[in-house]
Amino acid sequence: DCLFCKIIHKEIPSEIIYQDADLTIFKDINPAAPVHLLIVPNQHLAFVSEMEPGDEVLLGKMFSGAKIAAEMNGIDQTGYRLIINNGPDAHQEVLHFHMHLLGGGKMRHPMG
Ligand code: 5GP
Ligand code: ZN
């Protein structure tokens, strides 16, 4: 009964730009930047704390997915931000582990 699992299995519509055996990448419904994509492992995992030995490979594939998605959107040279919100203090809303890719315009520095 997970929103992102339903998107991955195409039980609810979304703008999927890339999908393979491990990952699904789709447009965020409420974009916070000109390019705002969600890089989501097909395997359901809610939090970083649920990772198990062997899941390191999947994390690497998420970064490869970010590279592909940035190239597809023409922002691989101008730059982008990769964000993982994990848990309540970070405002994680969807409890299926995912990485945000934001770009297409100059952002404020997040640590400032
Ligand atoms: P979180 O706060 O969990 O890191 O981010 C969840 C993201 O999922 C938010 O940026 C939100 O806009 C996006 N989102 C929530 N519901 C949907 C949906 O039904 N479709 C899509 N494409 N994105 C969604
Ligand atoms: Zn899920």
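This is a short walk through the structure above, from its core to its ligand and a few single residues. Thanks for coming, everyone. Please keep in mind that we are looking at a predicted model.

Let's start on the inside. Which residues have the most contacts within the largest nonpolar core? They are Leu37, Ile39, Met62 and Leu101, in a core of 14 residues. If you want to find this core by its elements, those giving two or more residues are strand 2 (23-27), strand 3 (35-41), helix 2 (56-72) and strand 5 (99-103). Helix 2 gives the most, with 4 residues. There is also a second, separate core of 9 residues, and Cys5, Ile7, Phe26 and Val40 are among them.

Now let me pick out Leu37. Setting aside its neighbours within four places in sequence, Leu37 is in contact with Ile17, Ile25, Phe26, Lys27, Asp28, Ala69, Asn73, Met99, His100 and Leu101. Phe26, in that list, is one of the residues of the second core.

Next comes Pro41, which sits in strand 3. Is Pro41 buried or exposed? Its relative accessibility is 0%, so Pro41 counts as buried. Leaving out residues up to four places away in sequence, Pro41 touches Ile8, Asp22, Leu23, Leu58, Met62, His96 and Phe97. You may remember Met62 from the largest core. For a sense of distance, Pro41 and Ile25 are 16 residues apart in sequence, and their C-alpha atoms are 8.7 Å apart in space.

A quick word on cysteines. Cys2 has 13% relative accessibility and therefore counts as buried. Cys5, at 16%, counts as buried too. How many disulfides does the model have? The count comes to 0. For anyone new to the term, a disulfide is a covalent bond between the sulfur atoms of two cysteines.

On to ligand 1. It is surrounded by 16 residues, and the closest are Lys27, Asp28, Glu93, His98 and His100. Two histidines put polar side-chain atoms by its oxygen atoms: for His98 the distance to a ligand oxygen is 2.8 Å, and for His100 it is 2.8 Å. Val94 takes part through its backbone, where a polar atom is 2.9 Å from an oxygen atom of ligand 1. How much of ligand 1 does the protein cover? The answer is 85% of the 520 Å² of accessible area that the ligand has on its own. His100 also turned up earlier, as a contact of Leu37.

Val94 leads us to Gln92. A polar atom of the Gln92 side chain lies 3.1 Å from the backbone oxygen of Val94. Gln92 is found in the loop between strand 4 and strand 5, and at 10% relative accessibility it counts as buried. Not counting residues within four places in sequence, its contacts are Ala46, Phe47, Asn85, Asn86, Gly87 and Phe97. Phe97 is also touched by Pro41.

His91 lies in the loop between strand 4 (80-83) and strand 5 as well. Because its relative accessibility is 62%, His91 counts as exposed, whereas Gln92 counts as buried. Look at the backbone of His91 too: phi is near 65 degrees, a positive value in a residue other than glycine.

Last stop, Lys10. Lys10 is not a glycine, yet it has a positive phi of about 60 degrees. You'll find Lys10 in the loop between helix 1 (3-8) and strand 1 (16-19). With 58% relative accessibility, Lys10 counts as exposed.

That's the tour, and thanks for listening!

Technical notes: Residues are numbered from 1 along each chain as its sequence is written. Chains are lettered from A and ligands numbered from 1 in the order in which they are written. This is a predicted model: local features need pLDDT of at least 70, side-chain atom pairs count only at pLDDT 80 or more; totals for chains, interfaces and linings use all residues. Side-chain values use heavy atoms; hydrogens and water are left out. A nonpolar core is a set of buried Ala, Val, Leu, Ile, Met, Phe, Trp, Tyr and Cys residues joined through side-chain atoms within 4.5 Å. Buried means under 20% relative accessible area, exposed over 50%, partly exposed in between (1.4 Å probe, protein chains only). Contact means heavy atoms within 4.5 Å. A disulfide is a pair of cysteine sulfur atoms within 2.5 Å. A residue is near a molecule or strand if one of its heavy atoms lies within 4 Å of it. A polar contact is a pair of N or O atoms within 3.5 Å; within protein, one must be able to donate a hydrogen and the other to accept it, and residues adjacent in sequence count only if both atoms are side-chain atoms. Accessible areas come from the Shrake-Rupley method with a 1.4 Å probe; for residues, only the protein chains shown count as cover.
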